[in-house]
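Let's take a walk through this protein together, stopping at a few spots along the chain. Keep the 3D view open as you read.

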Amino acid sequence: MPNFANDPSRKSWLEIKKDSDFPIQNIPFGVFITKEDVITIGTRIGDYAIDMGALQQLGYFEGIELTDDMFMQDTLNDFISDGRKTWRLVRNRLSDIFLDTNPKLRDNESHKNIVIFNISDVEMLLPVQIGDYTDFYSSKEHATNVGKMFRDPENALLPNWLHIPVGYHGRSSTIVPSGIPVHRPYGQTLPNGETQPVFGPSRLVDFELETAFITTDANIMGEPVSVENAEECIFGMVLFNDWSARDIQKWEYVPLGPFLAKNFASSISPWIVTLDALLPFKCESPVQDPEPLPYLRQTGKHAYDINLQVAIQPENAEETIVSNSNFKYMYWTMSQQLAHHTINGCRVNSGDMMGSGTISGPTPDSFGSMLELSWGGQKPLKMNDGSERKFINDNDTVIIRGYCQNDQVRIGFGEVSSKLLPAIEMKF
Ligand code: CA
């Protein structure tokens, strides 16, 4: 199946700003609502949202086997179910429709009026109904940093970590798209030096810089996905801020891992960038020593070179970039995570989401959480407006951006941006 949508020489008849995250080589998928309250599946080229439901009704997907209302739905789950061949056919078709030399839509003003929206005139919704959400813990640097702070500096990595892509089952019910604000959560914490817990708003709310991948129907119950085949089962990726309450986490996480410290909110970027679009950016992942067990072994390039950045914007002030990291630092790859997840026969469905785990790089300015950047609050970060941060303050907006770049093309994710609101006034 050719993948000519990736051809870097292709140009669109739509005007696209230089350095846009969304050139014609990207063609991500999302769901948006228009000012007329129409919800549709769409793609984005430059600063335009493209209504794929309307394109389908107008016959632009003719020749591709799709159910009649495939793109008039409010989630991508059915489309993702159709598998990689269909994703590729549709992405190639969209690339053709907007190719500079193709007059079909370019020269049809009435169709253009129906199909094309300014991105500022639509509101992005969750792109999939997320059935299950799993969060991994696959950055060696992050696991080491957290181990040093929460446990034992001498034995920061637990013995299983180098053998298992460690993960836990999260909740999908509180995953929200970029732009939706999040309230500071309440919970139990154990103040330093005390023996009895107290209750109140978390004082240590943090972001986690992550990406997440979205799967198709990967298997049936009882049937593992092999590490070789795992990437075929991955539709695409988003940026992911896995909001965390560190003080709640510290008290509750023993022995079963995080619970209420993590499930009050997680925010994702709204456009799913396909694994197909990311192909030019595959790269080597870190050497794994000891060698993983055979079912996790793989050769070749299975990491992705995705530049990641986190900024904090206080209310009415300019933003400060607090971290620059890269997805390629991850010790365990997405295919290893999915192979491990299903090795016991666990079923993975279309629209399931798997978080990478916090992505920390090797240097202190590449850490993926305030917990690490401020080293547990010991080293406050200086903000551009003169204030300091150990964790996230009320009314701060956390912005995560991500993009791939080579000398021919830039494929980006846009951003996931969400504001932390004060705790809701409640009487207990
Ligand atoms: Ca996480």
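F428 sits in the segment after β26 (410–421). Keep in mind that this is a predicted model. Is F428 buried or exposed? With a relative accessible area of 65%, F428 is exposed, because the cut-off for that label is over 50%. F428 also has company: together with F199, I424 and M426, it makes a nonpolar surface patch of about 450 Å².

Now for the metal. Which residues hold the calcium ion's protein donors? They are D135 (OD), E208 (OE), E210 (OE) and D242 (OD), at 2.1 to 2.4 Å from the ion. Along the sequence, these donor residues follow the spacing D-x72-E-x1-E-x31-D. E208 is in the loop between β12 (205–206) and β13 (209–215), while D242 is in the loop between β14 (234–241) and β15 (244–245), so this pair ties together parts that are 34 residues apart in sequence. E208 and D242 are both buried.

Next, the aromatic rings. The count comes to 14 aromatic pairs. Take F32 and F117: their ring centres are 6.0 Å apart and their planes meet at 65°, so this pair is edge-to-face. Since F32 belongs to strand β1 (residues 30–33) and F117 to strand β4 (residues 116–118), the pair ties together parts that are 85 residues apart in sequence. Both of these residues, F32 and F117, are buried. There's also an aromatic cluster, formed by F29, F61, F71, F79, W87 and F235.

F79 turns up again when you look at T86, a residue in helix α3 (residues 84–97). T86 has a relative accessibility of 10%, so it counts as buried. Setting aside neighbours within four places in sequence, T86 is in contact with L66 and F79.

Finally, some backbone oddities. Most residues other than glycine have a negative phi, and most peptide bonds are trans. Here are some spots that go the other way:

| Spot | Backbone feature | Where |
|---|---|---|
| V254 to P255 | cis peptide bond, omega near 0° | P255: loop between α7 (246–252) and β16 (266–268) |
| D289 to P290 | cis peptide bond, omega about 5° | P290: loop between β18 (282–283) and β19 (303–304) |
| N316 | positive phi, near 55° | loop between β20 (307–313) and β21 (320–326) |
| N395 | positive phi, about 70° | loop between β24 (388–389) and β25 (397–405) |

How exposed are the two asparagines? N316 has 80% relative accessibility, so it counts as exposed. N395, at 22%, counts as partly exposed.

Terms used. Residues are numbered from 1 along each chain as its sequence is written. This is a predicted model: local features need pLDDT of at least 70, side-chain atom pairs count only at pLDDT 80 or more; totals for chains, interfaces and linings use all residues. Side-chain values use heavy atoms; hydrogens and water are left out. Patches are made of residues with over 30% relative accessible area and no salt bridge: like charges are joined within 9 Å, nonpolar side chains (Val, Leu, Ile, Met, Phe, Trp, Tyr) within 5 Å. Accessible areas come from the Shrake-Rupley method with a 1.4 Å probe; for residues, only the protein chains shown count as cover. A salt bridge is a side-chain nitrogen of Lys or Arg within 4 Å of a carboxyl oxygen of Asp or Glu. Helices (H or I, at least four residues) and strands (E, at least two) are DSSP runs, numbered from the N terminus. Buried means under 20% relative accessible area, exposed over 50%, partly exposed in between (1.4 Å probe, protein chains only). Donors are N, O and S atoms within 2.8 Å of the metal (3.2 Å for Na, K and Ca); water is not among the atoms, so sites may look incomplete. Contact means heavy atoms within 4.5 Å. Rings of Phe, Tyr and Trp (its six-membered ring) pair if their centres lie within 6.5 Å; planes under 30 degrees apart count as stacked, over 60 as edge-to-face and the rest as tilted.
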